[in-house]
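Good morning, colleagues. I would like to take a few minutes to go through one model with you, beginning with a single residue and then turning to the whole chain.

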Amino acid sequence: MTAPIFRCGRFTFDLSRTIVMGVVNVTPDSFSDGGSHFDAARAIAHARQCVADGAAIVDIGGESTRPGAAEVPDADELARILPVVESLTAAGIPVSVDTRKPAVMRAAIAAGAAMINDVAALTAPGAIEVCASAGVGICLMHMRGEPRTMQQTPVYDDVVGEVRAFLVDRARACEAAGIERNRLAIDPGFGFGKTPAHNLSLLRKLETLVATGYPVLVGLSRKSTLGLITGRPVGERLAASVAAALVAVAGGAAIVRVHDVRETVDALKVWQAVKGDLDRR
Ligand code: HH2
């Protein structure tokens, strides 16, 4: 079988081994690291450290999507992220931009972003078109509702089936708009309109998403479900996050989105040493 690949602009990732995406939030209010990298120089330094630690790609976000977060105007989001995207792109680093807004996507792509990570799965009017023509990689994430309200009693009959159906539907809409399949990844959106029980069901049944054939991206790093399981506050969820990443890799995740790159990369190296080259073929 040929190795699965993920195309993101001028970068092509070999997904026969799980790759790591480092989170860089250029926000004052992100749930786990809000404010730590809220100026361009610090964000750039942090992103470079992520790459030095083994991240294949860095995900730059200028708007928090934590439960209850308010929307940030386009101009503010762009002012936060563009200097970071430009600098990292100039240094040859693969950059993903975490945004729901077509205008932000367009400007980020013009500044060199190789991937768009959209927690709203390109549902904003015009979002698919912006990404289709640009050749960027795309992550389509499932979210029930929107960040301001999404944790108000989310209800599903069959969370795994509903999330899968939504993601396949969005991926097909992208393909119908001319986006090649190998530019798409899907993500169940842990914590986005889901209870801890929903999150655990999705993780337990990750292979249902993997079986769609689209690479699956998993973001569990430092999330509240891990806090609930361990009883730890957000700053003390490193071990839980690494464990969750490994569970995701065992379930077939192609990309793990994490805050603690160095520790996650070490854990993956152990996994991959045991499994050899065959873990995701
Ligand atoms: N989680 C967050 C943000 N973006 N994107 C994808 N594809 N998957 C995720 O699970 C995901 C995501 C939330 O984490 P973080 O960026 O650290 O927090 P905030 O949204 O508060 O900035």
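**Backbone, salt bridges and overall form**

Let us start with Arg-222, which sits in the loop between strand 9 (217-218) and helix 8 (224-230). Please keep in mind throughout that this is a predicted model. Arg-222 is not a glycine, yet its phi is positive, at about 65 degrees. Most residues other than glycine have a negative phi. With a relative accessible area of 16%, Arg-222 falls under the 20% cut-off and therefore counts as buried.

Ala-121 may be discussed alongside it. Here too phi is positive in a residue other than glycine, with a value near 55 degrees. Ala-121 belongs to the loop between strand 6 and helix 4 (127-132). Its relative accessible area is 0%, so Ala-121 is buried.

Helix 8, which I mentioned a moment ago, contains Ile-229. Is Ile-229 buried or exposed? Its relative accessibility is 54%, so Ile-229 counts as exposed. From the C-alpha of Ile-229 to that of Cys-131 the distance is 38 Å, and 98 residues separate the two in sequence.

Now to the chain as a whole. The secondary structure comprises ten helices and ten strands. How does the radius of gyration compare with what the globule rule gives for 281 residues? The radius of gyration is 17 Å and the rule gives 19 Å, which is close, so the chain is as compact as a globular protein of that length. The C-alpha trace extends over about 45 × 40 × 40 Å along its principal axes. Of the 281 residues, 54% count as buried. The chain exposes about 11400 Å², and 54% of that area is supplied by carbon and sulfur atoms. As for contacts with a separation of 6 or more, 68% are between residues 24 or more positions apart.

Next, the charges. There are 30 positive and 30 negative side chains, and the centres of these two sets lie 3 Å apart. How many salt bridges does a search of the whole structure find? The search finds twelve. I shall describe three of them.

One of these salt bridges joins Asp-59 and Arg-257, with the closest N and O atoms 2.9 Å apart. Asp-59 is in strand 4 (residues 57-61) and Arg-257 in strand 10 (residues 255-258), so this pair ties together parts that are 198 residues apart in sequence. Both Asp-59 and Arg-257 are buried.

Another salt bridge is formed by Lys-101 and Glu-77, where the closest N and O atoms are 2.4 Å apart. This pair likewise links distant parts of the chain, 24 residues apart. Lys-101 is in the loop between strand 5 (95-98) and helix 3 (102-110), and Glu-77 is in helix 2 (residues 74-90). Lys-101 and Glu-77 are both buried. They also take part in a network of salt bridges that links Glu-63, Glu-77, Arg-100 and Lys-101.

The remaining example is Glu-180 with Arg-183, whose side chains meet at 2.7 Å, N to O. What is the relative accessibility of Glu-180? The value is 43%, and Glu-180 counts as partly exposed. Arg-183, by contrast, is buried, with a relative accessible area of 5%.

I return now to Arg-257, which also appears among the contacts of Asn-25. Asn-25 lies in strand 3 (residues 19-25) and is buried, at a relative accessible area of 10%. Which residues does Asn-25 touch, if those up to four places away in sequence are not counted? They are Ser-30, Asp-33, His-37, Gly-61, Arg-257 and His-259.

Finally, Met-115. This residue is in strand 6 (residues 115-118), and its relative accessible area of 1% makes it buried. Neighbours within four places in sequence aside, the contacts of Met-115 include Phe-6, Cys-8, Met-21, Ile-57, Val-95, Val-136 and Leu-217. Between the C-alpha atoms of Met-115 and Asp-98 the separation is 8.7 Å, and along the chain these residues are 17 apart.

To close, I would draw your attention again to the salt bridge of Asp-59 with Arg-257, and to the positive phi values of Ala-121 and Arg-222. Thank you for listening.

How values were computed:
Residues are numbered from 1 along each chain as its sequence is written. This is a predicted model: local features need pLDDT of at least 70, side-chain atom pairs count only at pLDDT 80 or more; totals for chains, interfaces and linings use all residues. Side-chain values use heavy atoms; hydrogens and water are left out. Helices (H or I, at least four residues) and strands (E, at least two) are DSSP runs, numbered from the N terminus. The radius of gyration is taken over C-alpha atoms; the globule rule is 2.2 Å times the number of residues to the power 0.38. Buried means under 20% relative accessible area, exposed over 50%, partly exposed in between (1.4 Å probe, protein chains only). Contact means heavy atoms within 4.5 Å. Accessible areas come from the Shrake-Rupley method with a 1.4 Å probe; for residues, only the protein chains shown count as cover. Lys and Arg count as positive and Asp and Glu as negative; His and the chain ends are not counted. The place of a charge is taken as NZ of Lys, CZ of Arg, CG of Asp or CD of Glu. A salt bridge is a side-chain nitrogen of Lys or Arg within 4 Å of a carboxyl oxygen of Asp or Glu.
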